[in-house]
Amino acid sequence: MRVKSIDVRRRSAAVAGTGEEAGLYLDGITARDLPTVPGGDGSLIDSDAVAGARLVSA
């Protein structure tokens with residue numbers, strides 16, 4: 001898996017600071033690879049299952 005891009009405050013960014021919400025776009029991972037829960041018009045990522053997850057560079 002590779003980070004394709006990061007959006008902070010709806011703008012492209014190189015990093016997100018501590019406590020900032022960010023959109024993270026990943027290559028090499030599909031929706032089937034993520035834990036989901038029913039919600040909205042389909043399913044949402046299960047935030048409890050991924051809480052505390054850390055992404056680090058290889």
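**Exercise 1. In the hairpin of β1 and β2, work out which residue takes a positive phi and how many residues sit between the strands.**

Step 1: Two residues lie between the strands of this hairpin. Step 2: Check phi, and R9 turns up with a positive value near 55 degrees.

Before going on, some ground rules. You're looking at a predicted model, where local features need pLDDT of at least 70, side-chain atom pairs count only at pLDDT 80 or more, and totals for chains, interfaces and linings use all residues. Numbering starts from 1 along each chain as its sequence is written, and side-chain values use heavy atoms, leaving out hydrogens and water.

**Exercise 2. List the helices and strands, and write down their pattern along the sequence.**

Step 1: Count one helix and five strands; these are DSSP runs numbered from the N terminus (helices H or I, at least four residues; strands E, at least two). Step 2: Read along the sequence, and you get β-β-β-β-β-α. Step 3: For a feel of the overall dimensions, the C-alpha trace spans about 30 × 25 × 20 Å along its principal axes.

**Exercise 3. Lay out the open sheet: what is the strand order, and which strands sit at the edges?**

Step 1: The order of the three strands is β2-β1-β3, with antiparallel pairing; strands pair if DSSP finds at least two bridges between them. Step 2: β2 (11-13) and β3 (22-27) are the edge strands, each pairing on one side only.

Step 3: Now count bridges. β1 (residues 2-8) has three to β2 and six to β3. Step 4: Follow I6 both ways: its bridge partner in β2 is A13, while in β3 it is L24. D7, for its part, stands opposite S12 in β2.

**Exercise 4. Trace what R2 touches, and find its salt-bridge partner.**

Step 1: Place R2 in strand β1. Step 2: Ignore its neighbours within four places in sequence, and R2 is in contact (heavy atoms within 4.5 Å) with Y25, L26 and D27.

Step 3: Pick out the charged pair. Side chains of opposite charge can pair when their charged atoms come close. D27 and R2 form a salt bridge, their closest N and O atoms 2.8 Å apart; the cut-off is a side-chain nitrogen of Lys or Arg within 4 Å of a carboxyl oxygen of Asp or Glu. The structure holds two salt bridges.

Step 4: See what gets linked: D27 in β3 and R2 in β1 are 25 residues apart, so to speak distant parts of the chain. Step 5: Another long hop is R2 to I29, 27 residues apart along the chain, with C-alpha atoms separated by 8.5 Å.

**Exercise 5. Describe the lining of the largest pocket: how do its residues divide into nonpolar, polar and charged?**

Step 1: Sort the lining residues, and you have 17 nonpolar, four polar and four charged. Nonpolar here covers Ala, Val, Leu, Ile, Met, Phe, Trp, Tyr, Cys and Pro; charged covers Asp, Glu, Lys and Arg; the others, Gly among them, are polar.

Step 2: Ask who gives the most to the lining of the largest pocket: β3, with four residues. A pocket is an open set of points on a 1 Å grid over the protein atoms alone, where a 1.4 Å probe fits, with protein on both sides within 12 Å along at least five of seven lines; lining residues have an atom within 4 Å of a point.
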